Amino acid sequence: MSLSYRPYEFGFPGLLAMVVVTTALVIYTKIYFCGSSLDGERIPSAPYRIPFLRNTIPFLFNSHQYLVNLREKFGTSPVRLSVGGQNIIYIPHSDGTATKMLKSRNLTQTPLIIKHLRDNFGMPERDLRLYSDQSDNNPSQADHRALHSMLSGTTLETFADITATQLVKSIEAKRAEWTDWVELPDLYTFVRDELSRAQMYALCGSEIFNVAPTLMHDFWEFDKQLPNLFKGLPTWMIPKAIASRNKMTSHIHNWHTRLREAPPPNPDTTPWDPIHGLRLMSSRRKIWHELSPEGQVVQDLGLIRASISNSTAATIWPILATLHHPTLTPRILAATTPHFTPPTLSFNRQTLTTIPLLNSLYLESLRYSTAVAITRQPRAPDIKMGNHTFNHSDTLLALNWTAHYDSSFWNEGAIRPNITEPEHPVEEFWAERFLKYPNDPYSGPIRTSTPLPPATRTKPSIHTAADDATAKLITTGLQDNFFPYGGGSNICPGRHFAKQEIIFTVAVMIRAFEMEVLEPEVLEGVRPDERYSLMGNLPPDRGVRLRVRGRRI
Ligand code: HEM
């Protein structure tokens, strides 16, 4: 029998199969490329493979890389996605589009906040109406004003003072105790636990720890489960996440019960109280008094999470950088010494936050680790922004991460002879990225418009404490590529606190301890943990074992 290919021998079933396959291929090809041609005003759609689910699976389960890839594929154009039946328009940072979105008065966060509180934090349905209240003195407006006014001025000072005092007290004790080397299983867990406890104390007072002795442990369990809660999956699919949320809400509920036994102090004279916490907490409770007890709990949980998780994750990267680059430690010590009172760890908060090197570490940490989804919705149908028109039901989404990693904007240091890689690629934490050194033309955060000639140096330049004393911090010209705190009227109200907290914690930790990494190969591999992408600052993706001992100053 001949084995030559004779299609007609397939007969009817074969032909039918061919027709079906060809039709499927045509449909698939159409779906795959649908809308992906740019035609002026039209927003291209992201390709998808599964018709019904469209972009849901990659967006929910690999959101970080998915958005990075879309940005690479579509460049400066917005891209339309369909996620769980919801229209999401990914807004790129380039050409100032994301900045326009942040500043636009035609866009609002309200419907998205309502969805977020209901789906991710379990806000009872009956309380949600208060968020859409349009009256002049609606609680959302009053809350917005309270957050912005009390996270600056005297309440901010109290918040930062108490956090710093608590942190220093605990670290002083460990420094005194750890005169010999002590092994720690993970640097991040250590710093995180010290800082978050101090911050929780400053925010909520001391009584909450009596009411809920396992509070901090349970908070970090809840935080670990947030990526699952944020996927919008049915509760039966995420029982652990729901249990961790219930545990936190039950702690806060018990604390609220305790609060009802002790009347709040006069807010005009008492910025902080051991039972009620920071004035901001009791003021917000007053603003939201119409919420049910469960709603009040969710309201506090939201602020506690926003306040603690991001700044804690951002604090670790400068400290990890000192393990990568040991010459950084003496420079931090030299720069901070005039601001401390030896032999204690007490410091001058106001002057410490002016040190250019510490500011550069802080800003680089925000650049390197912030991945917050910033969302808005049009207030009315057919809102125009730039060349595009958006529908009422579109959710506009900007991700600061893609802007912060855009190598066409950020300076990556010098190109050295015979080495194709720049000295400091955007994927690396570069402590000095935001500093301009007078004698180093390759320094500064922004790539020069005309490329500089290759450097003659064969190794990355190492700056000294004397160089740092002459360096200038550069923060101008960054807006379209650097928006860790979002922008416009919704800009993060906690940014002044976060800056102080990150800077003083880095200074205190470096001053308090000598640190030696035990597994250098693990340290080499540490990257921001993308599982937390869209939700805030990314902590390290693996533990770093080290030994520490109190530094003698
Ligand atoms: C590294 C630290 C932090 C980063 C990167 C960060 C980032 C952000 C971003 C991107 C937003 C959304 C802004 C927008 O939509 O335009 C936001 C909102 C918010 N942040 Fe922060 N944040 C940080 C620390 C804090 C701290 C320490 C607090 C509290 C003390 C805080 C409280 C809030 C609150 C309450 C909101 C919602 C504001 C509103 O709904 O009007 N954040 N934050």
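**A walk through the fold, from a buried asparagine to the iron**

Asparagine 138 counts as buried, because its relative accessibility is 6%, and the cut-off for buried is under 20%. Before going further, keep in mind that this is a predicted model. You'll find asparagine 138 in the loop between α5 (110–119) and α6. Its side chain has a partner there: one of its polar atoms lies 3.1 Å from the backbone nitrogen of serine 140.

Let's move to the ligand. It is surrounded by 26 residues, and the closest of them are Gln109, Arg376, Gly487, Cys492 and Asn537. Start with the iron. What does the protein offer the iron atom of the ligand as a donor? Just one atom, the SG of Cys492, which sits 2.3 Å away. If you want to trace cysteine 492 in the fold, look in the loop between β12 (472–473) and α19.

The oxygen atoms of the ligand have partners of their own. Arginine 376 places a polar side-chain atom 2.7 Å from a ligand oxygen. Glutamine 109 also uses its side chain, with a polar atom 3.0 Å from an oxygen of the ligand. With glycine 487 the contact comes from the backbone, where an N or O atom lies 3.2 Å from a ligand oxygen. Stepping back to secondary structure, α6 (139–150), α13 (293–324), β7 (370–378) and α19 (495–512) are the elements that give two or more residues to this shell. Helix α13 makes the largest contribution, with 5 residues. And what is the shell like chemically? It splits into 14 nonpolar residues, 11 polar ones and 1 charged one.

Follow α13 and you come to another site, the second largest pocket. Rolling a probe the size of a water molecule over the atoms is how empty space of this kind shows up. The second largest pocket holds about 660 Å³ of space. Its lining has 30 residues, and those nearest the centre are His324, His325, His424, Glu428 and Phe429. Which helix gives the largest share of this lining? It is α13, with 4 residues. Helices α14 (328–336) and α20 (520–525), like α13, supply at least two residues each. By type, the lining divides into 14 nonpolar, 7 polar and 9 charged residues.

Now for some backbone oddities. Most residues other than glycine have a negative phi, and most peptide bonds are trans. Against that background, check the bond joining proline 342 and proline 343: it is cis, with omega at about 5°. Proline 343 has its place in the loop between α14 and α15 (349–352).

Two residues that aren't glycine have a positive phi. Arginine 54 has a phi of about 50°, and it belongs to the loop between α1 (11–33) and α2 (56–61). Aspartate 382 has a phi near 55°, and its loop runs between β7 and β8 (383–385). Are these two buried or exposed? Arginine 54 is partly exposed because its relative accessible area is 38%, which falls between the limits of 20% and 50%. Aspartate 382, at 54%, is exposed, since that label applies over 50%.

Finally, a few comparisons of sequence and space. Leucine 203 is part of helix α8 (residues 187–204), and with a relative accessibility of 1% it counts as buried. Its C-alpha is 9.8 Å from that of threonine 158, although 45 residues separate the two in sequence. Glycine 153 belongs to helix α7 (residues 153–177) and is partly exposed, at 46% relative accessible area. How far apart are the C-alpha atoms of glycine 153 and histidine 496? They are separated by 9.9 Å, with their positions 343 residues apart along the chain.

Glycine 488 brings us back to the loop between β12 and α19, the loop that also holds cysteine 492. Glycine 488 counts as partly exposed, because its relative accessibility is 39%. Its C-alpha lies 37 Å from that of leucine 333, and the two residues are 155 apart along the chain.

Methods
Residues numbered from 1 in each chain as written. Predicted model: local features only at pLDDT ≥ 70, side-chain atom pairs only at ≥ 80, totals over all residues. Heavy atoms only, no water. Near = heavy atom within 4 Å. Polar contact = N/O pair within 3.5 Å; in protein donor to acceptor, adjacent residues only side chain to side chain. Nonpolar A, V, L, I, M, F, W, Y, C, P; charged D, E, K, R; others polar. Donors = N, O, S within 2.8 Å, 3.2 Å for Na, K, Ca; no water. 1 Å grid on protein atoms, 1.4 Å probe; cavity = no way out; pocket = protein on both sides within 12 Å on 5 of 7 lines; lining within 4 Å. Points joined across faces, edges and corners; volume = space filled by probe spheres on them. Buried < 20%, exposed > 50% of the residue type's maximum accessible area, 1.4 Å probe, protein only.
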